[in-house]
Amino acid sequence: MRLIIALILPFLVFFTIGKPFQGIICLILQITLIGWIPAAIWAVYALSQYNTDKKISEAHMSD
């Protein structure tokens, strides 16, 4: 679900993963039509990093 949001409304993903400052920067970038593609790529990348960090922290808790 977050991946779809990252492509449609990239700035919103940053708010859902707890990074509001980056969300504001992404919104400013997203306002321009040319900036929408880099904003979407950045949001997808940030989402993948968030998921990776979450899996790593879960692995450390199970040890």
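1. The surface is a reasonable place to start. Met1, Leu3, Ile4, Leu7, Ile8, Leu9, Leu12, Phe15, Ile24, Ile28 and Trp36 form a nonpolar patch there, and together they have about 1100 Å² of accessible area. Helices H1, H2 and H3 each supply at least two residues of this patch. H1 gives the largest share, with four residues. The model is a predicted one, and the points below should be read with that in mind.

2. On the overall fold, the protein chain has four helices and zero strands. In sequence order the pattern is α-α-α-α. The C-alpha trace spans about 45 × 20 × 15 Å along its principal axes. Of the contacts in the chain with a separation of 6 or more, 43% are between residues 24 or more positions apart.

3. On exposure in general, the chain has 63 residues, and buried residues make up 24% of them. The accessible surface of the chain comes to about 4500 Å², and 75% of this belongs to carbon and sulfur atoms.

4. Two members of the patch can be looked at individually. Met1 lies in the segment before H1. Its relative accessibility is 75%, so Met1 counts as exposed, the cut-off being over 50%. Phe15 is found in helix H2. Phe15 counts as partly exposed because its relative accessibility is 38%, a value that falls between the 20% and 50% limits.

5. The surroundings of Phe15 deserve a separate remark. Leaving aside residues up to four places away in sequence, Phe15 touches Pro20, Gly23 and Ile24; Ile24 is also one of the patch residues. Leu3, another patch residue, is twelve residues from Phe15 in sequence and 13 Å from it in space, C-alpha to C-alpha.

6. Helix H4 covers residues 36-62, which is 27 residues. From its first C-alpha to its last, H4 reaches 39 Å, close to the 39 Å expected at 1.5 Å a residue. Its buried residues are Ala39, Ala40, Ala43, Ala46 and Leu47. The cover over these buried residues includes helix H1 (2-8), helix H2 (10-16) and helix H3 (20-31).

7. Which residues make up the largest nonpolar core? There are ten in all: Ala6, Phe11, Val13, Phe14, Ile17, Cys26, Ala39, Ala43, Ala46 and Leu47. The elements that give two or more residues to this core are H2 and H4, and H4 gives the most, with four. As general background, nonpolar side chains in soluble globular proteins tend to be buried together.

8. Val13 shows how one core residue is surrounded. Not counting residues up to four places away in sequence, Val13 touches Arg2, Ile5, Ala6, Ala43 and Leu47. Among these, Ala6, Ala43 and Leu47 are core residues as well, and Ala43 and Leu47 are buried residues of H4.

9. A last point concerns Gln30, which has its place in helix H3. Is Gln30 buried or exposed? Gln30 counts as buried because its relative accessibility is 5%, and buried means under 20%. Again not counting residues up to four places away in sequence, Gln30 touches Ile8, Leu9, Pro10, Phe11, Gly35, Trp36 and Ala39. These contacts include Ile8, Leu9 and Trp36, which belong to the surface patch, and also Phe11 and Ala39, which belong to the nonpolar core.

Conventions:
Residues are numbered from 1 along each chain as its sequence is written. This is a predicted model: local features need pLDDT of at least 70, side-chain atom pairs count only at pLDDT 80 or more; totals for chains, interfaces and linings use all residues. Side-chain values use heavy atoms; hydrogens and water are left out. The expected span of a helix is 1.5 Å times one less than its number of residues. Buried means under 20% relative accessible area, exposed over 50%, partly exposed in between (1.4 Å probe, protein chains only). Contact means heavy atoms within 4.5 Å. A nonpolar core is a set of buried Ala, Val, Leu, Ile, Met, Phe, Trp, Tyr and Cys residues joined through side-chain atoms within 4.5 Å. Patches are made of residues with over 30% relative accessible area and no salt bridge: like charges are joined within 9 Å, nonpolar side chains (Val, Leu, Ile, Met, Phe, Trp, Tyr) within 5 Å. Accessible areas come from the Shrake-Rupley method with a 1.4 Å probe; for residues, only the protein chains shown count as cover. A salt bridge is a side-chain nitrogen of Lys or Arg within 4 Å of a carboxyl oxygen of Asp or Glu.
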